[in-house]
Every structure is written in C-alpha cells, then in structure tokens.
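Trainee: I am new to this structure and should like to understand the terms used to describe it. May I put some questions to you?
Mentor: Certainly; let us look at it together.
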Amino acid sequence: MDFSLSEEHLMIRDAARDFAKTELLPGVIERDNKQEFPAEQVKKMGELGFLGMMVDPQYGGGGMDTISYVLAMEELSKIDASSSVIVSVNNSLVCYGIQAYGTEEQKQKYLTKLATGESIGAFCLSEPEAGSDATSQRTTAIDMGDHYLLNGTKNWITNGGTADYYLVIAQTDKEKKHRGINAFIVEKTWEGFEVGPKEDKLGIRGSDTHTLNFNDVKVPKENRIGEDGFGFKFAMKTLSGGRIGIAAQALGIASGAYEMARDYSKIRKAFGTEICNHQAIAFKLADMHTKIEAARHLIMKAAWDKDQGNNYDMSSALAKLYASQVAMEVTVEAVQIHGGNGFVKEYHVERLMRDAKITQIYEGTSEVQKIVISRGLLRD
Ligand code: CAA
C-alpha cells in the first residue's frame, strides 16, 4: 500500500490551487450574489485542460488518472464550488460517458470539443417526477425509423443554459421499463429544444441550472449511445464516476472552510488570547480535520478503484455519502468559529456552507447512496 502522491499528481494539485487563487477567487462573492455564470473562468479552465482531464489525448484530453481529477476538484472547490461543478459534470458525466460508451464518430464529433472546453456538456436525467426514482422517465424518445422523436421536460440541469451538447435519457419502450430507456447526444441548436427558466438557488449560485423542454426534437439514430435499451445502465454507470467528482467537490468545500477557520482562529482574539488557544475551538479544529482526512481516504480509494479497473459503485457511494456529510458539518463549524463574521459574505464561509448542501442532493441524494451501499452489502 502506498499513500504518496506522484510528482505529476503534486504538479496538478498545485496548478489547480494556483488557478483557484488567481482566477476563481476574484469576483467569487459577486458571482454568487448575481448568480453569474463564470464564463471567462470556464474558458480558461478549458484552455488549461481542466475540462477533459481524463479523456484520451487522441480526443484532445489530458489522459490523466482519476486521482489527478480528484486533486484538482478539491482545490477548485475550496474557492469556488460553482465553477467546480461545471468541471465535474463536463469531465465525469459527459466526457466520460461518451468516451466509455460512445461510437468513434460520436467521439470525433463531440468528445474532441468537450474535452478542450470548446463546447460544454450537460447531463439530463432528472425530471419533475423522476429525481431519485430515476427509472420513472416520462420523457419519451419514439423510434421513427431513421430518427427518434424526443418529447418531455428535464429539471435542475447543471450547465442547462450554457451547454452546447446534452446527454439526454428518455423512455423509448414503456413496456420494457428501465430496459426500454435510451441515452442520446442532443445539440442545443436543434429545432424543438428549448432552455426553460433558470433556478434561483441556495448555493452554487454561479452555476447555471435550468429546466429544459424537448418538443418533437428529431434526434438522428447515430446519436443514440450504446445498444437499444442501454440508457438506464449508461446513466447508472456514468453516475458512479460522477459521484467521485461530487465527493471531491464536497471535500474541497470542507477543507476550504476548515483552512479559513483555522487561520481565522490564529488571529482573532477573545478573553485575552487567540481563540485557537481555547480548547472549545482547538477541539473543533481537531474534529473537522479528522473528518476531512477520513473523507479524503474514502475518495482516494474510490478514485483508485476506478483507475485499477475495479468496480467502484460501492466505493463511490461511500465516498459521496460521507464527504457530503462532512462538508455540511465542517462548514457549519467554520461559520461558528468565525462568529458574527462567519455570517457575513466577505468571509466566504457562509457561502461554502450554502454550497455544501447540494453535495448531499445531486448525483444521487444521501438516501440514494445508502440504497446503493446497502444493496451492495446484502447482494451476496
Ligand atoms: N451499473 C450498471 N447497472 C446498474 C447500476 C450500476 N451502477 N445500478 C443499477 N443498475 C441496473 C440494474 O442492474 C437494473 O438492471 P437489470 O434489471 O437489467 O439488472 C437496473 O439498473 C435498475 O436497477 P434497480 O432495480 O436497482 O433500480 P431502482 O429503481 O431500484 O433504482 C437507484 C436504483 C440506485 C435508486 C437509481 O434509480 C439511482 O441512482 N437514482 C438516483 C439518480 C441520480 O443519481 N440522479 C442524479 C441526476 S444527475 C445530476 O445530478 C447531475 C448534475 O447536473 C450535477
């Protein structure tokens, strides 16, 4: 067993850390206030290779491992979780999904642009009545011979307004239930596709989350991913990797808040001494750090499983469940350590606390992770 990071891993972590400090930090509070999409920052992340980190270099990606991706996600998320979710969805849902299950033509046409950030992707599974209960797809994709006709509504879609390409999950054959679901690559410019209202959110307010409507959108047959009926398995397999990215986002939110609280406790004085000298604060820091370290180990194990070619359904669910819980607990404590200042926007920790909540909800709620974990435990 080897817990050390390679030279390359350390370089990637430092590059992400520098980028977050120099490019994401300026304006992060304003973007949150105004719900402004970080367009310039996303463009730069694309140029630096953060949007297609694990994609094969032959399709314009960085060819990196999942450990590298997790390290970058943590650093970006310490400063700006709105930007890091864009990185996560593009990398581990959209790029991974097409690289792992797409045809060569789909990879040449779409993956090459998504991996470099020339285009942005979105993953469309959730519906008004199909969130956790993802097999209950109401969006239909009727087989018309040479194309599918797509109709329905998708909800809470990250990158909903800004994406160019959308991976859309829809029901083709209702009789076959989840085995009659398909996944498609849909282009924004196609007739009948409409971006609906933008959500006004508690956290990750810089990311753009929309309802999407599909009204008789013609999807060519060659844009289906995998065999007929593969769509639900595609979504599940892709989400297993996505959950590693969101776990790393939660880790970054927690460690960012922890570092700010630690530093603040060394300068803020009360009762004649820096507050870190009070055991009430020092023990909070000890608890926060312990939880962060435990979350980091679960995430690294999941990333390692993926890189080794092991099944990572269970390890990614463990990592996401625990890291998102830690993100909530640690950010609440970070606000508490900051006292009145913690409640004020300029100190950042209140934003991290708001951002933490979504990590317990998207890409499978904590309750869904417990379904995956308990079924895994009881299967054999
Ligand atoms: N890999 C491959 N196949 C899988 C699988 C996996 N990890 N998990 C399930 N399946 C297969 C099953 O084998 C089964 O197929 P067969 O019958 O052919 O064997 C099929 O999928 C249905 O599985 P279940 O019977 O377990 O389905 P279920 O209805 O009980 O639901 C669930 C299981 C785990 C709750 C699933 O519905 C789920 O993960 N729900 C949450 C969905 C989710 O994560 N949504 C997030 C939206 S995307 C997002 O948030 C992105 C963003 O923008 C940030």
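Trainee: Which oxygen-bearing partner has an atom 2.8 Å from a polar side-chain atom of Arg243?
Mentor: The partner is the ligand, for a polar side-chain atom of Arg243 lies 2.8 Å from one of the ligand's oxygen atoms. A polar contact is a pair of N or O atoms within 3.5 Å; within protein, one must be able to donate a hydrogen and the other to accept it, and residues adjacent in sequence count only if both atoms are side-chain atoms. An N or O atom in the side chain of Arg375 is 2.7 Å from a ligand oxygen, and a polar backbone atom of Glu363 is 2.9 Å from an oxygen of the ligand.

Before we continue, please note that this is a predicted model, in which local features need pLDDT of at least 70 and side-chain atom pairs count only at pLDDT 80 or more, while totals for chains, interfaces and linings use all residues. Residues are numbered from 1 along each chain as its sequence is written, and side-chain values use heavy atoms, with hydrogens and water left out.
Trainee: Which elements give two or more residues to the shell around the ligand?
Mentor: They are helix 5 (81-101), helix 7 (231-267) and helix 11 (366-379). Helices here are DSSP runs (H or I, at least four residues), numbered from the N terminus. Helix 7 supplies the largest share of the shell, 7 residues.
Trainee: Why is Glu74 called buried?
Mentor: Buried means under 20% relative accessible area, exposed over 50%, and partly exposed in between (1.4 Å probe, protein chains only). Glu74 has 5% relative accessibility, and therefore counts as buried. This residue is found in helix 4 (residues 66-79).
Trainee: Why is His289 called partly exposed?
Mentor: The relative accessibility of His289 is 37%, so the residue counts as partly exposed. His289 lies in helix 8 (residues 279-308).
Trainee: What does the side chain of Glu74 make a polar contact with?
Mentor: The partner is the side chain of Arg296, at 2.6 Å. Arg296 is also among the residues in contact with Glu74 (heavy atoms within 4.5 Å), as are Ala248 and Leu251, leaving aside neighbours within four places in sequence.
Trainee: How many residues has the largest nonpolar core?
Mentor: That core has 106 residues, and Leu150, Tyr166, Val186 and Ile299 have the most contacts inside it. A nonpolar core is a set of buried Ala, Val, Leu, Ile, Met, Phe, Trp, Tyr and Cys residues joined through side-chain atoms within 4.5 Å.
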